[in-house]
Structures are given as structure tokens and as C-alpha cells.
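Colleague: Could you take a close look at one part of this model for me? I'd like to hear how its helices pack, and I'm happy with a long answer.

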Amino acid sequence: MRNKLYIGAILFFCGSAMGSFLNCICDRMIRKESILGRSRCTECSCVLEAIDLIPVFSFLFLKGRCRRCGKKIDPFCFFSEILGGLMYVLICRRFDCCRELAIYLISGSTMLLIAFYDSKSMLIPDWAMIFLLLIRIVHCFLMKEDPVVFLIRLSGSFLLSLFLSAFIFYGERITGKEMMGYGDVVLILILGSFMDLQENLLTMFLSSLFAMIYGIPMIKKKQFHCIPFAPAICLAYLIMFLYDRQIMHFYLSLFQK
Ligand SMILES: [Zn+2]
């Protein structure tokens, strides 16, 4: 029991460090800065030292303020660390096989980066999608996936993407408003190829639900005319990767007498 707690704490720490790193990468890429070099306070530009960079703890000890200038640190930094930590713990709990674990830790980290990037810039970087596609291909070979199963899954996600593209194309012409981006469709095409069409449809439902939860307050505040959809897509697929059996079991039980 105690060992499990230690392992859980180490995993949480590694995940929160990854979450912090991905958030930092996103910020620098959006500002078109080099991703190399020391981290700095965005307010006073002072170089951050080791004590300022301990995931989760630094934010709590410093009460969310810069140690030098006292200005508030973006709470998103803390949020990204918690999210990364939780994700690593849950992925390691779900997958025992080392190869599968590595695949899902890398996929999860890439999905986290895509979600952060989209929520900050309303864009998904092409290279992150290409990387995710490469992970999917590696997954197919590493897990010795049946080629027929792979093709069925790929066809399912392709059909879903085709339907979504048509929905965007005609929806925008009819309503005259911007709907979801084609980047989101490509993201669904890649992530959808990890699972069956039935699971994909359920994931689409979850994505829409999550997007409504954070999207409606954003639009009501009138700060945004459209909302980032990739965070909802990534969260829904991540939940499906982790709890596919339980979710499908619950879903199918709804139709049984
Ligand atoms: Zn500062």
C-alpha cells in the first residue's frame, strides 16, 4: 500500500512536470519565441530558479505570485501541472503492458499539448497532429494489431470525419457562422482510429457535452465568439482510452431490459 502511494506520488510529480513543460512550450511557440533557454517571469522577465520551478509546490508555496515582482502567476500554469499529474497517474493505473503504457503516455502528453495550444490560440499545430499520427502507426505495429481490425477502425474514423466535414461545410453555409475547425476533424480522424465506430460515436457525444460545459459560460461572458473544441475532444478520447470497458458496459446496459 505504502509502495503504491510512493509510486503514485512519483508518477504525479513526473506528469505535473510534463504538464508544466508542455504549457511552457505552448506559450513560447504562440509568442514565436525559442523553446530553448531558461524560464522567465512573464511580468518582470527575471530568470526563474529551481525553487520557482517545482511543479505544483512552487505555485502553492509562493501563493501563485512571482517571488521577485509579486505579480500573479497565470493560474493556467498550476492547472496544467495538476492535469498532467492526474493524467500520468490514471494512465499508469490503466495500462500494465510497458509498450502500451509508453504509447499512451506519449499520446496523452501530445493530446495535452494540443488541448493547451488550442485553448490559448484556437489553433492546432500541424506537427503535433503528424506526431500523433506517427504514434498511431507505431501503436499498430508495437501492439501487433490485426490489420483487418486496424482497417475497420480507420474506415470508421474516416467515415465520422467525412460526416463532420460535410456538417461543417453545409452548416457554415446555412447559418453563416463559423463552426468547428477542420483541424478538429483531423484530430478526430487520428484519435478515432484507436477505437471502434461505436466507441467513437460515444466519444463525440462526450466531447460535445464537455464543450458545452466550458463553452456556454465563455460565450455568455461575450469574451469569445467561438470556443476551442480540441480540449473537449482530447478530454473525451482520454476518458475513453482509460475507461472504455466501463463506459461501453454502462452504455449497453441502458438498452438491456
Ligand atoms: Zn516577476
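What follows is a walk through the helix packing, with one helix as the starting point.

Colleague: Which residues of α1 and α3 make the contact between the two helices, and at what angle do α1 and α3 pack?

Modeller: Sure, and keep in mind that this is a predicted model. Some background before the close-up: the protein chain has 9 helices and 0 strands, so read along the sequence you get α-α-α-α-α-α-α-α-α. For 257 residues, a compact globule would have a radius of gyration near 18 Å, and the protein chain, at 20 Å, agrees with that. Its C-alpha trace spans about 60 × 55 × 40 Å along the principal axes.

Now to your pair. Helix α1 covers residues 2-30 and helix α3 covers residues 75-94; they pack at an angle of about 135°, and their axes are 6 Å apart. The cut-off matters here: over 145 degrees would count as roughly antiparallel, and α1 and α3 are therefore oblique to each other. As for handedness, α1 passes α3 in a right-handed crossing. On the α1 side, the contact is made by G8, L11, F12, F13, C14, G15, S16, M18, G19, S20, L22 and N23. Facing them from α3 are F76, C77, S80, E81, I82, L83, G84, G85, M87, Y88, V89 and C92. Sort the contact by class and you get 14 nonpolar, 9 polar and 1 charged residues.

α1 has another partner, helix α4 (residues 98-121). Those two pack at an angle of about 40°, with axes 9 Å apart, which makes α1 oblique to α4. Here too the crossing is right-handed. From α1 the contact takes in M18, G19, L22, N23, I25, C26 and I30, and from α4 it takes in S109, L112, L113, F116, Y117, K120 and S121. The class count for this contact is 9 nonpolar, 4 polar and 1 charged residues. If you compare the lists, M18, G19, L22 and N23 of α1 turn up in the contact with α3 and again in the contact with α4.

That second contact leads on to the domains. The domain assignment gives domain 1 as 1-94 and domain 2 as 98-257, and the C-alpha centres of the two lie 25 Å apart. Across the boundary, 16 residues of domain 1 are in contact with 13 residues of domain 2. α1 and α3 each supply at least two residues of the side of domain 1 that touches domain 2, and the largest share of that side, 9 residues, comes from α3. By class, that side of domain 1 has 11 nonpolar, 4 polar and 1 charged residues.

One more step takes us to α4 and its neighbour, helix α5 (residues 126-142). The axes of α4 and α5 come within 10 Å and cross at roughly 165°, which makes α4 roughly antiparallel to α5. This time the crossing is left-handed. R99, I103, I106, S107, T110, L113 and I114 in α4 meet A128, F131, L132, I135, V138, H139 and L142 in α5. Those residues divide into 10 nonpolar, 3 polar and 1 charged. L113 of α4 is worth a click in your viewer: it is listed in the contact with α1 and in the one with α5.

Key. Residues numbered from 1 in each chain as written. Predicted model: local features only at pLDDT ≥ 70, side-chain atom pairs only at ≥ 80, totals over all residues. Axes fitted to C-alpha atoms, helices over the stretch in contact; angles between N-to-C directions. Helix = DSSP H or I, 4+ residues; strand = E, 2+ residues; numbered from the N terminus. Parallel < 35°, antiparallel > 145°, perpendicular 65-115°, else oblique. Left-handed = near helix turned anticlockwise from the far one by under 90°. Contact = placed C-beta atoms within 7 Å. Nonpolar A, V, L, I, M, F, W, Y, C, P; charged D, E, K, R; others polar. Domains from an automatic or database assignment. Rg over C-alpha atoms; globule rule 2.2 N^0.38 Å.
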